[in-house]
Amino acid sequence: MILRLEFLPGKRDEGLAALDTMTPVVADEDGVWHYSFHVDTQDDDVLWAVEVYADMDALMGHSGTEQFTELLATLEPLLATPLAPAMCTPVPIGKGLPI
């Protein structure tokens, strides 16, 4: 999954801190293969999330946690645009993922 998070002006770091609260949660989720955030080089108010899950059950398990629900409630007032994840399936070309 690739997700563009566009924050209200000046709210990106607050959003990033909220996202970081999920780090210990995903550390304990076996089905999370990759979970990272990247600052957009053209727009300081935008972060890109790259998340790779073993399967849809792993994604649903992650999305169903109490911490994820709390994260969404924290993020929503900080965002300039609604979340719209792009669901993708990795192909076995490249480096870094156990596919």
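## Exercises on pockets, core and an aromatic pair

At 18% relative accessibility, Y35 counts as buried, a value that, like every other one below, comes from a predicted model.

### Exercise 1. The aromatic pair

Find how many aromatic pairs the whole structure holds, and work out which residues form the pair and how its rings are arranged.

Solution. A search of the whole structure gives one aromatic pair, and its partners are Y35 and F37. A pair of aromatic rings is described by the distance of the centres and the angle of the planes. For Y35 and F37 the centres are 5.2 Å apart and the planes stand at 90 degrees. Planes over 60 degrees apart count as edge-to-face, and the pair of Y35 and F37 is therefore placed in that class.

The next step is to ask how accessible each partner is. Buried means under 20% relative accessible area, so Y35, at 18%, is classed as buried. F37, by contrast, has 23% relative accessibility and therefore counts as partly exposed.

### Exercise 2. L75 and the nonpolar core

Determine in which element L75 lies, whether it is buried or exposed, and what it touches.

Solution. Begin with the element: L75 is found in helix α4. Its relative accessible area is 2%, which means that L75 is buried. Once residues up to four places away in sequence are set aside, L75 touches L5, F7, G15, A18 and L19. For one of these, G15, the C-alpha atom lies 6.1 Å from that of L75, although the two residues are 60 apart in sequence.

The last step widens the view to the largest nonpolar core, which has 20 residues, and in which L5, F7 and L75 touch the most other members. Two or more residues of this core come from each of β1, α1 (12-20), α2 (23-27), β2, β3, α3 and α4.

### Exercise 3. L19 as a second view of the interior

Establish where L19 lies, and which residues it contacts beyond its neighbours within four places in sequence.

Solution. L19 belongs to helix α1, and its 4% relative accessibility is why it counts as buried. Leaving out neighbours within four places, L19 is in contact with L5, Y35, F37, L47, L71 and L75, a list that includes Y35 and F37, the two partners of the aromatic pair. As a check on distance along the chain, take L19 and L72, which are 53 residues apart in sequence and whose C-alpha atoms are separated by 9.3 Å.

### Exercise 4. The two pockets

State the volume of the largest pocket and of the second largest pocket, and say which elements and which residue classes line each of them.

Solution. The largest pocket has a volume of about 370 Å³. Its lining is made by 18 residues, of which M1, E51, C88, T89 and P90 are the closest to the centre. At least two lining residues come from each of β3 (46-53) and α3 (56-63), and β3 gives the most, with four residues. By class, the lining of the largest pocket divides into twelve nonpolar, three polar and three charged residues.

The second largest pocket has a volume of about 240 Å³. Of its 19 lining residues, M1, L3, E51, F68 and L83 are the closest to its centre. Here β1 (2-6), β2 (32-39), β3, α3 and α4 (66-75) each supply at least two lining residues, with the largest share, four residues, coming from α4. The classes in this lining are 16 nonpolar, two polar and one charged.

Definitions and conventions
Residues are numbered from 1 along each chain as its sequence is written. This is a predicted model: local features need pLDDT of at least 70, side-chain atom pairs count only at pLDDT 80 or more; totals for chains, interfaces and linings use all residues. Side-chain values use heavy atoms; hydrogens and water are left out. On a 1 Å grid over the protein atoms alone, a cavity is a set of points where a 1.4 Å probe fits but cannot get out, and a pocket is an open set with protein on both sides within 12 Å along at least five of seven lines; lining residues have an atom within 4 Å of a point. Grid points are joined across faces, edges and corners, and a volume is the space filled by probe spheres set on the points. Ala, Val, Leu, Ile, Met, Phe, Trp, Tyr, Cys and Pro count as nonpolar, Asp, Glu, Lys and Arg as charged, and the others, Gly among them, as polar. A nonpolar core is a set of buried Ala, Val, Leu, Ile, Met, Phe, Trp, Tyr and Cys residues joined through side-chain atoms within 4.5 Å. Buried means under 20% relative accessible area, exposed over 50%, partly exposed in between (1.4 Å probe, protein chains only). Contact means heavy atoms within 4.5 Å. Rings of Phe, Tyr and Trp (its six-membered ring) pair if their centres lie within 6.5 Å; planes under 30 degrees apart count as stacked, over 60 as edge-to-face and the rest as tilted.
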